[in-house]
Amino acid sequence: MEKKNPLLAGLLNMLLPGSGYWYVDRDRERFIKTLIIGIAAIAALIVLGTIFQNTTGYPLPQGLCIGILLLIVLVPLFQNGQKAANHHNFVLDNAAMYTTRQSGTSAAQLTRNQSLRDKGYISEQEYDSRKDSIASKK
């Protein structure tokens, strides 16, 4: 798995609600939920903004009210896309760090196996097998 760009995930999520989740994890369920809710919210805010624009006692510049209302939906969509990508990258980094700590370097593995053999926890044959396995990974 590869790391995902949080900025790209946020932009995709903002341009087409839910697409940031598809980009990050191919999460179909979350994509569809966010797409339906996002499109409904954007449509509702456009209608609300148009109604508000036409019923105010003083004229507002065309599109200003709708633009401000759309920010209420688009900014959280952008942030949630970034958050999903950052979480994905955090999980990848932790998994890599865990794997590194578990396996350690070849020298550390050899030292650990030597210690186990010296204490009698593993046999000479098991030690040789592990030593060959570590050498073949290099």
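**A six-helix chain, presented at group meeting**

Good morning, everyone; the chain you have in front of you has 6 helices and 0 strands, and I should say at once that this is a predicted model, so please hear every value that follows as computed from that prediction. Read from the N terminus on, the elements simply run α-α-α-α-α-α.

Let me begin with the overall form. Along its principal axes the C-alpha trace spans about 90 × 25 × 25 Å. The radius of gyration of the chain is 27 Å, whereas a compact globule of 138 residues would have a value near 14 Å. Buried residues make up 28% of the 138 residues, and the chain exposes about 9600 Å², of which carbon and sulfur atoms supply 62%. If we take the contacts with a separation of 6 or more, residues 24 or more positions apart account for 46% of them. As for charge, the chain carries 15 positive and 10 negative charges, and the mean positions of these two sets are 6 Å apart.

Now to the interior. In soluble globular proteins, nonpolar side chains tend to be buried together, and it is worth asking which residues form the largest nonpolar core here. There are 8 of them, namely Ile-42, Leu-45, Cys-65, Ile-66, Leu-69, Leu-70, Val-73 and Leu-77. The elements that give two or more residues to this core are helix 3, residues 28-55, and helix 4, residues 64-103, and helix 4 gives the most, with 6 residues. Val-73 offers a good place to look at this core in detail: leaving aside its neighbours within four places in sequence, Val-73 is in contact with Ala-41, Ile-42 and Leu-45. There is also a second, separate core of 5 residues, which includes Ala-9, Tyr-21, Val-24 and Ala-85.

Helix 4 deserves another moment, since Leu-92 also lies in helix 4. What does Leu-92 touch, once its neighbours within four places in sequence are left aside? Leu-92 is in contact with Met-1, Glu-2 and Lys-3, and although Leu-92 and Met-1 are 91 residues apart in sequence, their C-alpha atoms are 7.8 Å apart in space.

The picture is another one when we turn to helices 5 and 6. Gln-109 is found in helix 5, residues 106-119, and Gln-109 counts as buried because its relative accessibility is 14%, where buried means under 20%. Gln-109 and His-88 are 21 residues apart in sequence, and from C-alpha to C-alpha they are 30 Å apart in space. Glu-126 lies in helix 6, residues 124-137, and with a relative accessible area of 33% Glu-126 is partly exposed. The C-alpha atoms of Glu-126 and Leu-74, which are 52 residues apart along the chain, are separated by 60 Å.

Finally, a point about the backbone. Most residues other than glycine have a negative phi. Arg-26, however, has a positive phi of about 55 degrees although it is not a glycine. Where does Arg-26 sit? Its place is in the loop between helix 2, residues 19-25, and helix 3. Is Arg-26 buried or exposed? Arg-26 is exposed, because its relative accessible area is 56% and the cut-off for exposed is over 50%.

To close, I would ask you to keep in mind the predicted model of a chain with 6 helices, and the largest nonpolar core, to which helix 4 gives the most. Thank you.

How values were computed: Residues are numbered from 1 along each chain as its sequence is written. This is a predicted model: local features need pLDDT of at least 70, side-chain atom pairs count only at pLDDT 80 or more; totals for chains, interfaces and linings use all residues. Side-chain values use heavy atoms; hydrogens and water are left out. A nonpolar core is a set of buried Ala, Val, Leu, Ile, Met, Phe, Trp, Tyr and Cys residues joined through side-chain atoms within 4.5 Å. Buried means under 20% relative accessible area, exposed over 50%, partly exposed in between (1.4 Å probe, protein chains only). Helices (H or I, at least four residues) and strands (E, at least two) are DSSP runs, numbered from the N terminus. Contact means heavy atoms within 4.5 Å. The radius of gyration is taken over C-alpha atoms; the globule rule is 2.2 Å times the number of residues to the power 0.38. Accessible areas come from the Shrake-Rupley method with a 1.4 Å probe; for residues, only the protein chains shown count as cover. Lys and Arg count as positive and Asp and Glu as negative; His and the chain ends are not counted. The place of a charge is taken as NZ of Lys, CZ of Arg, CG of Asp or CD of Glu.
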